[in-house]
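Here's a walk through how two chains sit together. Pull up the structure and follow along.

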There are 2 protein chains.
Amino acid sequence: MCGITGYIGNKKAYPIILNGLKRLEYRGYDSAGIVLNENGTFKLRKTKGSVSDLIAKCKDLNSEATVGIGHTRWATHGVPSDINAHPHISNNGKIAIIHNGIIENYATLKIMLTSKGYTFKSETDTEILVNLIQYMQETQNLDLATAVRYALNEVIGAYSIAVIEVDQPQEIVVARLSSPLAIGIGENEYFIASDASPFIEFTNEVVYLEDGEMATITLKGVDVYKIKDNSKVNPQIHELKTSLEKIEKGGYEHFMLKEIHEQPRSIMDTMRGRLLVEEDIIQMAGIWDYQEKFLNAERIIIISCGTSWHAGLVGEYLIEDLARIPVEVEYASEFRYRNPIITDKDIVIAISQSGETADSIAALKLAKEKGAFIYGICNVIDSSIARLTDAGSYTHAGPEIGVASTKAFTAQLALLAMIALKLAKHKGTISKERFNSLIIELETIPERVAEVIKNTESQIKKIAELYAGAGNFLYLGRGYNYPIALEGALKLKEISYIHAEGYPAAEMKHGPIALIDENMPVVVIAPKKGYYDKIVSNIQEINSRKGKVIAIVTQGDTVVKDMVTESIEIPDVSEYFTPILSVIPLQLLAYYIAVLRDVNVDQPRNLAKSVTVE
Amino acid sequence: MCGITGYIGNKKAYPIILNGLKRLEYRGYDSAGIVLNENGTFKLRKTKGSVSDLIAKCKDLNSEATVGIGHTRWATHGVPSDINAHPHISNNGKIAIIHNGIIENYATLKIMLTSKGYTFKSETDTEILVNLIQYMQETQNLDLATAVRYALNEVIGAYSIAVIEVDQPQEIVVARLSSPLAIGIGENEYFIASDASPFIEFTNEVVYLEDGEMATITLKGVDVYKIKDNSKVNPQIHELKTSLEKIEKGGYEHFMLKEIHEQPRSIMDTMRGRLLVEEDIIQMAGIWDYQEKFLNAERIIIISCGTSWHAGLVGEYLIEDLARIPVEVEYASEFRYRNPIITDKDIVIAISQSGETADSIAALKLAKEKGAFIYGICNVIDSSIARLTDAGSYTHAGPEIGVASTKAFTAQLALLAMIALKLAKHKGTISKERFNSLIIELETIPERVAEVIKNTESQIKKIAELYAGAGNFLYLGRGYNYPIALEGALKLKEISYIHAEGYPAAEMKHGPIALIDENMPVVVIAPKKGYYDKIVSNIQEINSRKGKVIAIVTQGDTVVKDMVTESIEIPDVSEYFTPILSVIPLQLLAYYIAVLRDVNVDQPRNLAKSVTVE
């Protein structure tokens, strides 16, 4: 996730900013940069790579500047490169910006600015924004803050930004919408950052901008006002009572828990600029540019590993169900070593959070050799899979630091739902009305996810206490929630080291039911959907063998609730979207059990975040 | 499996024979029958259904006859019905036969006999045989025994038979090839049966016919001689020192162990009359009659549950690899409840031992509605799936009584190998030479299976002692042996109640490896085949986490053997056939661990032999 930081005061700015960037490294990034305003001249350094690489590039800097901003970039628009790294400078060389977030309508803005003669060096949405600010300033003769405000009122998207102007060396303008921004209040000095970690040793007074607010920071103080109408806001100053480690984890005990909680946002980010409900479309260039391929595909083969493989299984249900294209899901490791039947009428989709999974890369190369059209779904921009594929879509979940994948998984589910719906619309396999009602519903899913977290977390903590001592778990689900049973079991396995196994519920009778006795907790995903009656029977079978059932049920369910030991409610949504909700309690359950078992949740034994070996 | 019994002496024959049939019920059967020779008249009763049904039909019998034979039938040729039930009578009404086994060249013999004016009431191969005996007798003016001998010399197949003639009321002729036959020696009375259970209370002296032997039994005694050349044999009389229960289990402690040991025969039976190496063909009417369908299929979808689903996964590898037809394997329960994409260019194959699996039946019906060609692979003749499908092949493994499937599974694998090879030959996706060398090798697989059992059983007993206390197991395999990892884990789960889980080996790094510590035994199937290097790496990864590895390796392997705690050798065969061998030690391991844990191996808790509910 991008990190921003900045300083205005009486000290040398650049050591403070570089130190701040080091502090922000934990967020994950692929390039870094800094700009200082030294007596009316910008000193700019930026590079693909690490903050250490940036520091090396700053060796000759030794700047006396007391104002500056710095950035760690996690690529969203445009690959990681020196040019795409922030800060970005406006065409007239006078305005510098750093930006965290996504400008959804950047394409439209770019056309407008190009028509006015603006040119762009990078592929970023950020460079559009800084030039829009210049354009506002020049055409309407505005000061920096007003120009920023005008520009932001033209923007659709999410952002936190910091802007400085070469001619106003004693000012930083910041703004926020959906992306955090903290202002540290020191003695005649001010700090800005994505979180308080870069300035924790300098001050314990902090102002957190709210969504839709911006601020002008000078040596005289901080003025906060609304982006929309310039109305003044009285900022609340918070006292910082936390550790560096806690800040890095967003106040959570572990990155995994932070990432679980980030899911309403990460799913939203995945849909941002794509799911356009008002226009009644799903906009995905990767699909649209190759729509012939997709609409005429005889078969889609999804290859992946681990958690992404589970997302692939949900994808199979979604695409077959909605778009009526046969889908096969393969373990990448199995696919690559046999002699798979692949033709140029096949589309092979690889799903990988890191985009670096060795087996998936090898499988993709094999499919490419055999003439298939290959498509990537990755979270890391410009990763190996992203570079290898003919086209693709990024999940935009932000960097995932916990080894057990959570937010990348739900982002994959949201993306696959959009792909399935888009293909279904263009193939005409669902009606316009159905498409419309489904995208309206999909847009509300992030809120539903937030509800699930809010409503179930304390209950799940208690359940975790009851079952943390279990030696084994079974997870059962049917249909769309069969892959979620696998995923729930994998989460528990990964971080609690409890032997948990997922199964399609009906298969239980073909063997696993022999395991069930009073010592076997069984998690059953039982939303009130198509398979409800069958899953009720499965629960009865478990009950009659004295297994303990923890059920995920639809809000208001009474039948299952009366039958089981524990029931956890999720909102009632279309079956297609239930996996995005039902997996949340299972992530939380695995997390809280692991914590009680004193496991290093973020780095469980034996596991690597990205499996780059075969 | 068919059971035969008979009596000749001074007592009333029919109560002894009916009692004997009751004793044979454990073998599994679908119909029963009896024939008595009462002073030169045959008294025949037979019925589809149980021995109790037969007894009901014998109420009016009250025959004084002292000679007779009886049969319980497990259908192989022709559905279970009154007409197909044994005994069968020759066209002239003078010869009656009961038969256990398969006459492979029955079709040729039938054509010959039909040309001579013979007619047939039933669909059985047995009725051909009894008329061949009549034909020999009439055309060459032979006594019964010689006619039987001449007839058997024309026959290809496996059998144990008992024959009586209406005009020779004091004689039973019996013969055996590959199917057991015991003769009980009483005082002026003799008993015959598939095993000693029908006559255990009457005598403890027994002669077991050897393969290729026949005997004439009269009140004067038993004459044994070779079928081939009539040379006399001095029979060895054994003293019976066993219990009824032990006889039923063929001397094994449990049906499951008996069935494991039966696999060389049951696999051979599955290939019998189909794998014709000398003619360089695989003869399978179910495929041949619909070769257009098969050769033009765009996709084969295999649906099944439990152990049969694992066979389906191996089938996917075999058919894709050899015949280059895309194959998808689905859980029947998942397939039926979604809205699967099926067209009339698809072939749907259901695999089910019982042919009664509820979810598979429902899935087949759905596929049929959607226009697919549906094919059945079952073990039970005329089962629901056999009746429902457009065509199919039976596995001929004989009735499986242990709830945990063993011999039905390897029979499924052998059948799928034949289907894949046959399709490959006709599609031209493998060369004639390769086809020829593979079918030559496939024919030797039953011997290889016998070797595995012989060479590994005592070693596995010892390994079982070391691991019987384990709480968890992992099973890993790649490629053709990935489904065997799943199957090995399922076996252990079913009968030992140990939580065992199978995984494709490469997926271990995506989660399950977190479970591995010094308490986790890991069974790795590591034959020296295509994936060998990769699986060696996987074993190293387990070793470095202190997991205990039990490896299944190729004879003569040294690399893996040096790395692991235990290694079990299987013969070196083509990769296609390794699953048939590698599963055997896993069946034995599950069995011996379960025995040590004192589980009711043949009827583990919570499980039914055939899952006829949803």
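What follows looks at the symmetry of the pair and then at the interface.

Keep in mind that this is a predicted model. Start with how the copies relate. Turn chain B by 180°, with 0.0 Å of shift along the rotation axis, and it lands on chain A with an RMSD of 0.1 Å. That's the relation of a two-fold axis. The contact surface fits that picture: both copies use the same one, with 100% of the contact residues of chain B recurring in chain A.

Now for the interface itself. Chain B puts 63 residues into the contact, and chain A puts in 63 residues. Between them the two chains bury about 5600 Å², and 52% of that is on carbon and sulfur atoms. If you want somewhere to zoom in, try B:Ile341, B:His499 and B:His510: they supply 12% of the area chain B buries against chain A, more than any other three residues.

What about charges and polar groups? Eight salt bridges are counted between chain B and chain A. One to look at is a salt bridge joining the side chains of A:Arg338 and B:Glu316, at 3.7 Å from N to O. Polar contacts across the interface come to 32 residue pairs, both partners at pLDDT 80 or more.

On the chain B side, several elements each supply at least two residues of the face touching chain A, among them helix H11 (306-323), strand S19 (327-331), helix H17 (482-496) and strand S24 (499-504). By type, the residues on this side of chain B split into 28 nonpolar, 12 polar and 23 charged.

Definitions and conventions
Residues are numbered from 1 along each chain as its sequence is written. Chains are lettered from A and ligands numbered from 1 in the order in which they are written. This is a predicted model: local features need pLDDT of at least 70, side-chain atom pairs count only at pLDDT 80 or more; totals for chains, interfaces and linings use all residues. Side-chain values use heavy atoms; hydrogens and water are left out. Contact means heavy atoms within 4.5 Å. Buried area is the accessible area (1.4 Å probe) that two parts lose on being put together, summed over both. A salt bridge is a side-chain nitrogen of Lys or Arg within 4 Å of a carboxyl oxygen of Asp or Glu. A polar contact is a pair of N or O atoms within 3.5 Å; within protein, one must be able to donate a hydrogen and the other to accept it, and residues adjacent in sequence count only if both atoms are side-chain atoms. Helices (H or I, at least four residues) and strands (E, at least two) are DSSP runs, numbered from the N terminus. Ala, Val, Leu, Ile, Met, Phe, Trp, Tyr, Cys and Pro count as nonpolar, Asp, Glu, Lys and Arg as charged, and the others, Gly among them, as polar. Copies are superposed by least squares on the C-alpha atoms of residues with pLDDT of at least 70 in both.
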